[in-house]
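Colleague: I'm new to reading models like this one, so please pick a single part and take me through it slowly. Explain each term as you go.

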Amino acid sequence: MAEVVRNKQVLLKNYVDGFPKESDMLVTSDATINLELPKNEPGSILTKNLYLSCDPMMRNRMTETYEGAYMDSFTPGSPLVGVGVSKIVDSTHPDFKKGDYITGHINWEEYSVIRDPQFLTKIHNTDFPLSYYTGLLGMVGMTAYVGFYEFCSAKKGEYFFVSAASGAVGHIVGQFAKLAGCYVVGSAGSKEKVDLLKNKFGFDEAFNYKEEENLKATLKRYFPNGIDIYFDNVGGKMLDAVLPNMRLHGRIASCGMISQYNKLDQTEGVYNLQHIIFKRLQILGFTFYDFLHLYPKFYDFIFPLIREGKIEYLEDTAQGIENGPAALIGLFSGRNVGKQVVVVAHN
């Protein structure tokens with residue numbers, strides 16, 4: 001007889017206005033799950049969820065509606081959904097078998113029954129830690145890769161600036177820029193993070209934006225000749241300060257605006273837009289979902305860099321799904337260093 005177990009979950013209690021709190025989520029073990037799928041239910045998989053990714057975009061999905069939404073909002077009373085890594089414990093699907101590892105969007109719970117797994121990806125290369133598929137080998141790494149190599153078209157000697165540089169995407173794309181021969185500066189929110197950028201990740205310079213009263217002047221100090229490429233993770237005041245510091249024909253890759261996600265009903269304005277014309281700037285807003293077809297090309301690029309030790313990758317791990325809410329909320333106060341991952345279970 002199949003084993004039935006308690007299934008710990010993280011549910012959204014209610015839609016969120018303003019800054020999210022741990023109390024906006026509920027950790028519960030009320031649900032139970034049968035660890036064997038019904039044989040008369042073809043095309044399904046049962047997963048044991050191992051790693052969950054904490055991503056800023058999840059904040060948007062906690063709002064009932066938001067302008068420009070490209071993903072559905074979460075449903076109150078149901079589990080949060082995010083990128084994760086799972087192990088299949090039972091399957092009635094011909095393309096997935098017991099013991100396979102998969103990655104994709106999964107519920108924030110210990111076990112999941114997935115009845116339409118076509119959008120999940122089977123993990124074939126297990127030479128690297130499985131948790132990497134929530135970050136460096138997943139959405140985060142692809143975001144850095146697409147923004148930098150498909151759009152920025154960096155040339156050796158160009159001046160590159162990245163905000164939220166010690167975060168998941170920032171510390172990876174900054175290293176891509178160094179590998180391309182750029183002069184790289186990053187902004188972060190503490191002395192510890194600034195030191196990491198310079199001493200561990202090889203940035204040429206870094207600064208703590210919280211200690212700077214005039215961001216426009218700060219950027220002029222670090223880039224007296226201007227910025228060729230800005231990789232924007234924060235938007236708001238930083239983006240506004242960057243625009244007048246851009247060089248002619250500069251490029252801005254915008255993949256995140258974390259400074260605005262808790263202000264969806266009253267976002268900050270950007271006032272230096274005239275420099276887009278004056279400097280003939282190119283600005284691209286993008287998500288990695290538009291570039292999923294590039295995964296094979298990305299893996300061919302990133303696997304050798306990891307093996308040869310040319311990329312440093314930093315994970316900030318929270319142990320146990322019950323600590324998931326605190327880990328997620330920590331993104332918005334800059335508590336994490338590197339990629340924030342929740343360890344649900346070990347393989």
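Modeller: Here's a quick look at the whole protein, then a close look at one sheet and its surroundings.

First, the ground rules: this is a predicted model, so local features need pLDDT of at least 70 and side-chain atom pairs count only at pLDDT 80 or more, while totals for chains, interfaces and linings use all residues. Residues are numbered from 1 along each chain as its sequence is written, and side-chain values use heavy atoms, with hydrogens and water left out.

The protein has 9 helices and 17 strands. Both are DSSP runs numbered from the N terminus: helices are H or I with at least four residues, strands are E with at least two. The radius of gyration (taken over C-alpha atoms) is 21 Å. The globule rule (2.2 Å times the number of residues to the power 0.38) gives 20 Å for 347 residues, so the protein is as compact as a globular protein of that length. Along its principal axes, the C-alpha trace spans about 70 × 45 × 35 Å. Of the 347 residues, 56% are buried. Buried means under 20% relative accessible area and exposed means over 50%, with partly exposed in between (1.4 Å probe, protein chains only).

Now the sheet. It is open and built from 6 strands in the order β12-β11-β10-β13-β14-β15, with parallel pairing. Two strands count as paired if DSSP finds at least two bridges between them. In general, strands of a sheet pair through backbone hydrogen bonds, either parallel or antiparallel. At the edges sit β12 (205–208) and β15 (282–285), and each of these pairs on one side only. Neighbouring strands are turned by 15° against each other on average, ignoring direction. For such angles, axes are lines fitted to C-alpha atoms (for helices over the stretch in contact), and angles run from 0 to 180 degrees between N-to-C directions.

Zoom in on β13 (227–232). This strand is mostly covered: 6 of its 6 residues are buried. β13 pairs with β10 in the parallel sense over 3 bridges, and one pair to find on screen is F160 with its bridge partner I229 in β13. β13 is also joined to β14 by 5 bridges, again running parallel; here D232 has S254 in β14 as its bridge partner. Carry on from β14 (residues 246–254) and you reach β15, a parallel pairing over 4 bridges. There, A253 has L284 in β15 as its bridge partner.

Which helix lies across β10, β11, β12 and β13? That is α5 (residues 215–222), running at about 160° to β12. Helix α4 (residues 191–199) packs on the sheet too, touching β11 (183–188) and β12, and its direction makes about 175° with that of β12. Contact here means heavy atoms within 4.5 Å.

Just past β10, have a look at S166, which lies in the loop between β10 and α3 (170–179). Is S166 buried or exposed? S166 counts as buried because its relative accessibility is 5%. Leaving aside neighbours within four places in sequence, S166 is in contact with H171, A188, K193, L197, V337 and G338.

For a contrast, find K39, in the loop between β4 (32–34) and β5 (45–53). K39 is exposed, with a relative accessible area of 61%.

Finally, meet two helices. Helix α2 (residues 139–152) has 14 residues and reaches 18 Å from its first C-alpha to its last, close to the 20 Å expected at 1.5 Å a residue; the expected span is 1.5 Å times one less than the number of residues. α2 is mostly covered, with 12 of its 14 residues buried, and M139, Y145 and F151 are among them. Right after α2 comes S153, whose phi is positive, near 50°. Helix α8 (residues 295–307) has 13 residues and also reaches 18 Å, close to the 18 Å expected. Its buried residues include Y295, F298, Y299 and I302. An α-helix has 3.6 residues a turn, so residues three or four places apart point the same way. The buried residues of α8 pack against α2 and α3. Just after α8, G309 takes a positive phi of about 70°.
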